[in-house]
Amino acid sequence: MNDYDVRVVKTTGEFTRHSHPETDEFFLVLRGSLTIRMEAGDVMLGPGQLYVVPRGVPHQPVSADGAEVLLIEPSETVNTGDTPSELTAERRHV
């Protein structure tokens, strides 16, 4: 949508700690619970709750029991930001 992706992801466990120097990152929890670990303190989200991580802020999404999360971010955004790992998703252009 207008050079942005609307992504629904299923997550369980700890994701790579990373940041996105060029963009904010929008998280909306659809099911389950998600904790976003940050230096300034953790943000805990349940269904229907959202949080926007400001650009450049290191963060680590964590969900012990699993969550379904809607993300909105620029299409060129790499899921692991500035910290490539085995969890880096290949970008698909449709």
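**Figure 1. Glu25 and its surroundings.** In this predicted model, E25 touches H18, H20, Y51, V52, V53, H59, L71 and E73, leaving out residues up to four places away in sequence. You will find E25 in strand β2. Two of its neighbours also meet the E25 side chain through polar contacts: the side chain of H20 at 3.0 Å, and the side chain of H59 at 2.8 Å. E25 is buried and yet has no salt bridge. The nearest side chain of opposite charge belongs to R7, and the distance to R7 is 6.3 Å. A salt bridge needs a side-chain nitrogen of Lys or Arg within 4 Å of a carboxyl oxygen of Asp or Glu, so the 6.3 Å between E25 and R7 does not qualify.

**Figure 2. Phe26, the next residue along.** F26 also has its place in strand β2, which covers residues 25-32. Which residues does F26 contact, leaving aside its neighbours within four places in sequence? They are L50, Y51 and V52, together with L70, L71 and I72. For another landmark, look for V6: F26 and V6 are 20 residues apart in sequence, and their C-alpha atoms are 9.7 Å apart in space.

**Figure 3. Arg7 and its acidic partners.** R7 is found in strand β1, residues 4-14. Its relative accessible area is 15%, and buried means under 20%, so R7 counts as buried. The side chain of R7 makes a polar contact of 3.0 Å with the side chain of D5, and another of 2.4 Å with the side chain of E73. In general, side chains of opposite charge can pair when their charged atoms come close. Here, E73 and R7 meet in a salt bridge, at 2.4 Å from N to O. This pair links distant parts of the chain, with E73 in strand β6 and R7 in strand β1, 66 residues apart. Like R7, E73 is buried.

**Figure 4. Glu14 and Arg37, a salt bridge between β1 and β3.** The closest N and O atoms of E14 and R37 are 3.1 Å apart, and the two residues form a salt bridge. Because E14 lies in strand β1 and R37 in strand β3, the pair ties together parts that are 23 residues apart in sequence. Are the two partners buried or exposed? E14 counts as exposed, with 51% relative accessibility, while R37, at 29%, counts as partly exposed.

**Figure 5. Arg31 and Glu68, with a look at the salt bridges as a group.** R31 forms a salt bridge with E68, and their closest N and O atoms are 3.9 Å apart. R31 lies in strand β2 and E68 in strand β6, so this pair ties together parts that are 37 residues apart in sequence. R31 counts as exposed, at 56% relative accessibility. Salt bridges that share partners also join D5, R7 and E73 into one network. How many salt bridges does the structure hold? The count is six.

**Figure 6. The largest nonpolar core.** Eleven residues are named here, so it helps to pick them out one by one: F27, V29, L34, I36, M38, V43, L45, V53, A67, V69 and L71. Strands β2, β3 (34-37), β4 (43-45) and β6 (60-74) each supply at least two residues of this core. Which strand gives the most? That is β6, with three residues. L34, one of the core residues, touches T11, F27, V29, V43, M44, L45, P61, V62, S63 and V69, not counting residues up to four places away in sequence.

**Figure 7. Stepping back to the whole chain.** The protein has six strands and zero helices, and reading along its sequence gives the pattern β-β-β-β-β-β. Of its 94 residues, 36% are buried. The accessible surface comes to about 5900 Å², and carbon and sulfur atoms account for 53% of that surface. Among contacts between residues at least 6 apart in sequence, 70% join residues at least 24 apart. One pair to revisit with sequence distance in mind is E73 and R7, 66 residues apart.

How values were computed. Residues numbered from 1 in each chain as written. Predicted model: local features only at pLDDT ≥ 70, side-chain atom pairs only at ≥ 80, totals over all residues. Heavy atoms only, no water. Helix = DSSP H or I, 4+ residues; strand = E, 2+ residues; numbered from the N terminus. Contact = heavy atoms within 4.5 Å. Buried < 20%, exposed > 50% of the residue type's maximum accessible area, 1.4 Å probe, protein only. Areas by Shrake-Rupley, 256 points an atom, 1.4 Å probe, with all protein chains shown as cover. Core = buried A, V, L, I, M, F, W, Y, C linked by side-chain atoms within 4.5 Å. Polar contact = N/O pair within 3.5 Å; in protein donor to acceptor, adjacent residues only side chain to side chain. Lys, Arg positive; Asp, Glu negative; His and termini not counted.
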